[in-house]
Amino acid sequence: MGPQAAQTAKITSEMTLSERADAIEEHMMHELDKIITKSVFANMTDGHVDMEGGAALQKKYPGKYFNMGPDPRLPPMPEKPTLLDYFKNRFSSTNHLLQSGALAVKNGHSEKVVLACLLHDIAVVGFIRCDHGYWGAQMIAPYVDEEVSEAIRMHQALRFFPDESMGYKYPDMYLKYFGPDYKPEPYIVEEYKRARDSKYYETSRLICVNDIYAFDPNAKVNLDQFEDVIGRNFRQPKEGLGWDNSPSAHMWRTIMWPTRFL
Ligand SMILES: [Fe+2]
Ligand SMILES: [Fe+2]
């Protein structure tokens, strides 16, 4: 045990589970070359609004600088990352997206619809659940046809409203997840009304129709099969996704280096 590790809190059997988790995390931090910090948002998702200050943290980890680059605990990203690199190294549980994309191919939809299905929940799997349609649409807007990003934004609201004429009923899963009394918030209802009048309504509705959670949980769809569709319909920046100064480049950088100090 090095001198750094000796400073960490001792893990004892009297500690609560969360105290132990904190102590293990602190121990791990001492092993790293850089000080890794958590954003307020990450703490909020753990149920508390706070942030450790820079000076206090540096005192806790003497002789170290704050992380201003990649997080050594995460899979490394190439110098000029592509959308596929994010799929492979930053998105978790991509099976749902791949299966939705594959179903859109099977149903004979256009490449734009296939891409919209393939990317519809990238915010959920790589960034933030809450308002995932809006976040996801913003992330990809600079790189895809407006039809794709608008459809992704609107699918969040359309998911709650049936359209039998297009073969979409209110999902049983939502009854199970949110209960029979759940009513979408007014802003979602308003978004739904706007979506009905949008020229991209049909594409957005097709995301819902192909948005399948349980058609085969064990089916493995290979990302490779979408390489051509992505190549033709996603304008990959030559600088790398995140380094290209687009209006959403900062979002990709944040996903790439989520614990950068500033
Ligand atoms: Fe979704
Ligand atoms: Fe989905």
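A residue counts as buried under 20% relative accessible area, as exposed over 50%, and as partly exposed in between. Keep those cut-offs at hand, because this tour through a predicted model uses them at several stops.

**Stop 1: K60 and E52**

Select K60 first. Its relative accessibility is 29%, which falls between the two cut-offs, so K60 counts as partly exposed. Now add E52: the side chains of K60 and E52 form a salt bridge, with 3.0 Å from N to O. E52 is partly exposed too, at 46% relative accessibility.

**Stop 2: more salt bridges**

Side chains of opposite charge can pair when their charged atoms come close. How many salt bridges does a search of the whole structure find? The count is 13.

Select R73 and D71 next, whose side chains meet in a salt bridge at 2.6 Å, N to O. Is D71 buried or exposed? D71 has a relative accessible area of 3%, so it is buried. R73, at 37% relative accessibility, is partly exposed.

Then move to helix α12, where K193 and E190 both sit, 3 residues apart, or about one turn of the helix. Their side chains meet in a salt bridge of 3.1 Å, again N to O. K193 has a relative accessible area of 44% and is partly exposed; E190 is partly exposed as well, with 39%.

To see salt bridges joined up, select E150, R153, E191 and R194 together: these four are linked in a network.

**Stop 3: the aromatic rings**

A pair of aromatic rings is described by the distance of the centres and the angle of the planes. Across the whole structure, a search finds 15 aromatic pairs. Show Y134 and Y187 for one of them: the ring centres are 6.4 Å apart and the planes stand at 45 degrees, so this pair is tilted. The two come from distant parts of the chain, since Y134 is in helix α9 (residues 132-140) and Y187 in helix α12 (residues 186-197), 53 residues apart. Y134 is partly exposed, with a relative accessible area of 22%. Y187 is partly exposed at 39%.

For a group of rings, select F160, Y170, Y174, Y177, F178 and Y182, which ring pairs link into a cluster.

**Stop 4: the two iron ions**

Turn to ligand 1, an iron ion. Which residues are its protein donors? They are D121 through OD, H132 through NE2 and H155 through NE2, lying 2.2 Å from the ion. Along the sequence these donors follow the spacing D-x10-H-x22-H. D121 lies in the loop between α7 (111-119) and α8 (122-126), while H132 is in helix α9, 11 residues away. Both D121 and H132 are buried.

Next, select the iron ion that is ligand 2. H96 (NE2), H120 (NE2), D121 (OD) and D211 coordinate this ion, with D211 listed for two OD contacts, at 2.1 to 2.7 Å. The spacing of its donor residues in sequence is H-x23-H-D-x89-D. H120 is in the loop between α7 and α8, and D211 is in the loop between α13 (201-210) and α14 (227-233), so the pair ties together parts that are 91 residues apart in sequence. H120 is buried, at 1% relative accessible area, and so is D211, at 5%.

Keep both ions on screen and draw a distance between them. The iron ions, ligand 1 and ligand 2, are 3.7 Å apart, and D121 coordinates both.

**Stop 5: the largest pocket**

Rolling a probe the size of a water molecule over the atoms shows where empty space is left. The largest pocket has a volume of about 1,500 Å³. Its lining takes in 42 residues, and those lying nearest its centre are T37, K38, S39, A42 and T259. The elements giving two or more residues to this lining are α2 (17-31), α3 (40-44), α4 (54-60) and α15 (249-256). Which element gives the most to the lining? That is α15, with 5 residues.

Finally, colour the lining of the largest pocket by class: 18 residues are nonpolar, 11 are polar and 13 are charged.

Terms used: Residues are numbered from 1 along each chain as its sequence is written. Chains are lettered from A and ligands numbered from 1 in the order in which they are written. This is a predicted model: local features need pLDDT of at least 70, side-chain atom pairs count only at pLDDT 80 or more; totals for chains, interfaces and linings use all residues. Side-chain values use heavy atoms; hydrogens and water are left out. On a 1 Å grid over the protein atoms alone, a cavity is a set of points where a 1.4 Å probe fits but cannot get out, and a pocket is an open set with protein on both sides within 12 Å along at least five of seven lines; lining residues have an atom within 4 Å of a point. Grid points are joined across faces, edges and corners, and a volume is the space filled by probe spheres set on the points. Helices (H or I, at least four residues) and strands (E, at least two) are DSSP runs, numbered from the N terminus. Ala, Val, Leu, Ile, Met, Phe, Trp, Tyr, Cys and Pro count as nonpolar, Asp, Glu, Lys and Arg as charged, and the others, Gly among them, as polar. Rings of Phe, Tyr and Trp (its six-membered ring) pair if their centres lie within 6.5 Å; planes under 30 degrees apart count as stacked, over 60 as edge-to-face and the rest as tilted. Buried means under 20% relative accessible area, exposed over 50%, partly exposed in between (1.4 Å probe, protein chains only). Donors are N, O and S atoms within 2.8 Å of the metal (3.2 Å for Na, K and Ca); water is not among the atoms, so sites may look incomplete.
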